[in-house]
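This report is meant for someone looking at the structure for the first time. Please keep the view open while reading, and follow the elements as they are named.

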Amino acid sequence: MIRDITIGQYYPAQSRIHRLDPRVKIVCTLLFLVSLFIQNSLLGYVIATVYLGAVIRLSKVPLKYIVKGLKPIVILLLFTVVMNLFLTRNGETLVHFWIFAITEGGLRTSLFMAIRLMYLVAGSSIMTFTTSPNGLTEGMEKLLHPLNKLNVPVHEVAMMMSIALRFIPILLEETDKIMKAQQARGADFESGNIIQRAKAMVPILVPLFVSAFRRANDLAMAMESRCYHGGEGRTKMKPLRYKSGDRIAYILTLIYLVVIFVVGRFVPFKLWIF
Amino acid sequence: MSIALEHVSYVYSPGTAYEKHALKDVSFEIPQGQFVGIIGHTGSGKSTLIQHLNGLVRATSGKVLYEGQNIYDEGYNMRALRSQVGLVFQYPEYQLFEVDVLSDVCFGPKNQGLSPEECEKNARKALELVGFPEKYYKQSPFELSGGQKRRVAIAGVLAMKPKVLILDEPTAGLDPKGRDEILDQVEKLHKETGMTVVLVSHSMEDIARYVERIIVMNHGEKMLDGTPKEVFRHYKELEQVGLAAPQVTYVMHDLKERGFDVSPDATTIEEAADEIMKSFRG
């Protein structure tokens with residue numbers, strides 16, 4: 001059901017990855033995403049798999065959760081694979097029928113592209129799974145702090161982001177509740193043509209918007225009554241400080257980045273066409 | 001004509017860190033026309049339980065029988081079931097969406113496939129049943145007070161003419177006056193239409209005054225099941241699970257302990273008063 005959407009959710013557990021400084025996780029996630037794009041070879045993806053696998057293992061987040069997080073991109077994934085598979089004409093033709101042809105290059109590109117997309121989502125969801133929304137904001141704020149000099153409202157942006165993240169599960173739950181309530185009144189979301197189905201969404205969307213506004217209003221009120229007035233002069237109870245584990249994580253990720261770059265680019269290893 | 005649960009268990013998100021046994025082997029039967037209270041503290045599984053009664057949540061194991069038929073049978077008409085077993089959720093006013101009160105109440109009957117005239121007739125009847133003033137029929141439901149919104153939402157379910165009405169914490173967030181009004185109206189409904197009513201609450205006081213039978217839930221299990229008098233005799237056990245018997249039960253027990261000749265079974269203030277007067281006269 002709708003509860004199964006896991007993207008952007010925190011998974012509570014005690015692990016090395018959970019304990020890392022949020023800044024480390026943000027930077028390392030970015031580096032991981034970069035690493036997927038600076039190479040395109042079988043060995044490179046093997047190394048990326050090892051790195052990602054190790055992080056998932058260390059994070060104690062069940063693999064099932066991460067796979068579930070991939071569900072929303074299934075359509076995009078299929079689309080990319082099909083497009084690449086049939087439209088890339090490169091190298092020898094493997095299969096040919098009517099106007100369609102699958103070439104070596106097409107197979108290679110579509111497979112690698114699929115892996116890339118899945119790792120992109122899995123890599124970033126590991127970050128949100130292991131970092132609480134608050135930690136994420138704090139890390140982001142600290143990392144982007146230099147932009148303050150350019151008059152970028154870093155604190156405000158970070159706060160908005162964390163609120164948005166925090167609201168995802170709340171609004172999902174709310175949607176679930178409203179859907180059930182309307183179903184109890186005989187609403188039908190499954191049958192009918194596309195226009196009827198779009199119309200059937202009205203009884204869900206109107207209460208959902210009303211409730212989102214109400215919650216936003218309540219939250220603003222609660223923040224103001226606790227004297228929130230933006231980031232200026234605001235101190236932290238637990239300021240972020242790098243520990244030895246954080247340094248190790250940085251070093252390991254940098255080593256990984258160098259290795260994947262060198263191996264992926266300069267080691268000529270090929271298995272069949274990949 | 002009854003609803004029965006047979007060994008119903010329900011597990012949330014099985015196989016993950018969030019796995020939670022919301023219901024464990026719950027069985028009971030509610031005959032047609034009974035006024036039942038389901039009680040339990042937050043997280044005891046009462047809301048999950050009632051969502052089984054109209055098939056919104058599917059049990060992990062066990063059976064739900066409505067009028068003797070298993071609702072999990074293939075081809076069972078769930079929508080027909082939902083119009084017979086009306087469920088009013090907690091804070092039902094958050095599901096209002098139409099431009100005016102009357103059309104919102106019409107939503108249910110419309111989904112049943114009735115003609116616009118019939119929808120309106122049923123809607124008007126339902127609004128009348130909950131005591132909603134006619135002059136506000138054409139007003140936007142978002143402009144009403146909390147208590148009035150709730151009435152509209154309850155009417156929205158009543159308009160489907162259910163045989164069973166389930167109310168999840170219908171008085172949550174209302175002031176004492178609003179609470180009494182809603183509960184009195186529900187009681188009136190029960191008396192006038194002979195409808196089965198299931199009232200979910202965590203307040204014993206609310207429930208004791210109205211219901212014929214109480215089912216106590218604790219950690220997803222049925223803990224007690226009986227008439228209010230029977231259930232409140234276990235007031236010590238109720239306390240252990242974070243519930244309490246009505247205040248009068250305590251007073252009566254204290255009186256008895258100090259040597260007054262009263263029966264401690266009184267569950268409402270009126271009964272208690274009678275009992276005390278009797279012991280004075282006798």
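## Strands β1, β4 and β5 of chain B

In this predicted model, strand β1 (residues 2-12) of chain B pairs with strand β4 (residues 61-66) of chain B over five bridges, and the sense of the pairing is antiparallel. Within that pairing, Glu6(B) is found opposite Lys63(B) of β4(B).

β4(B) also pairs with strand β5 (residues 69-70) of chain B, again in the antiparallel sense, through two bridges, and here Leu65(B) has Asn70(B) in β5(B) as its bridge partner. The hairpin formed by β4(B) and β5(B) leaves two residues between the strands, and Glu67(B) in this hairpin takes a positive phi near 50 degrees.

## The six-stranded sheet

Chain B also contains an open sheet of six strands, in the order β6-β7-β8-β3-β9-β10, whose pairing is mixed. Its edge strands are β6 (85-88) and β10 (221-226) of chain B, each of which pairs on one side only. On average, and with direction ignored, neighbouring strands of this sheet are turned by 15 degrees against each other.

At the β6(B) edge, the link to strand β7 (residues 164-168) of chain B consists of four bridges, and the two strands run parallel; Val85(B) stands opposite Val164(B) in β7(B). Helix α1 (residues 46-53) of chain B packs on the sheet, where it touches β3 (35-39), β6, β7, β8 (196-201) and β9 (213-218) of chain B, and its direction makes about 160 degrees with that of β7(B). Another helix, α5 (residues 146-158) of chain B, lies across β6 and β7 of chain B and runs at about 165 degrees to β6(B).

## An enclosed helix

Why can helix α3 (residues 101-111) of chain B be described as largely enclosed by the rest of the structure? Ten of its eleven residues are buried, so the helix is largely enclosed by what surrounds it in the structure. Among the buried residues of α3(B) are Val101(B), Leu102(B), Asp104(B), Phe107(B) and Lys110(B).

The cover over the buried residues of α3(B) comes from both chains, since it includes α10 (202-225) of chain A as well as α4 (116-129) and α5 of chain B. After α3(B) comes Gly113(B), which has a positive phi near 90 degrees.

## Where chain B meets chain A

Between the two chains, 24 residues of chain B are in contact with 23 residues of chain A. On the side of chain B that touches chain A, at least two residues each are supplied by α2 (78-84), α3 and α5 of chain B. Sorted by class, that side of chain B holds twelve nonpolar, ten polar and two charged residues.

## Chain B as a whole

Chain B has eleven helices and ten strands. Its radius of gyration is 20 Å, close to the 19 Å that the globule rule gives for 282 residues, so chain B is as compact as a globular protein of that length. The C-alpha trace of chain B spans about 65 × 50 × 35 Å along its principal axes.

Of the 282 residues in chain B, 43% count as buried. When contacts in chain B between residues at least 6 apart in sequence are considered, 62% of them join residues at least 24 apart.

## Confidence of the prediction

For chain B the mean pLDDT is 89, with 98% of its residues reaching 70 or more, while the complex is given an ipTM of 0.85 and a pTM of 0.73 by the predictor. Where pLDDT is low, predicted coordinates should not be read in detail.

Conventions:
Residues are numbered from 1 along each chain as its sequence is written. Chains are lettered from A and ligands numbered from 1 in the order in which they are written. This is a predicted model: local features need pLDDT of at least 70, side-chain atom pairs count only at pLDDT 80 or more; totals for chains, interfaces and linings use all residues. Two strands pair if DSSP finds at least two bridges between them. Axes are lines fitted to C-alpha atoms, for helices over the stretch in contact, and angles run from 0 to 180 degrees between N-to-C directions. Two residues are in contact if their C-beta atoms, placed from the backbone, lie within 7 Å. pLDDT is the predictor's confidence in each residue, from 0 to 100. A residue is buried if 20 or more other C-beta atoms lie within 10 Å of its own, exposed if 12 or fewer, and partly exposed in between; C-beta atoms are placed from the backbone. Ala, Val, Leu, Ile, Met, Phe, Trp, Tyr, Cys and Pro count as nonpolar, Asp, Glu, Lys and Arg as charged, and the others, Gly among them, as polar. The radius of gyration is taken over C-alpha atoms; the globule rule is 2.2 Å times the number of residues to the power 0.38.
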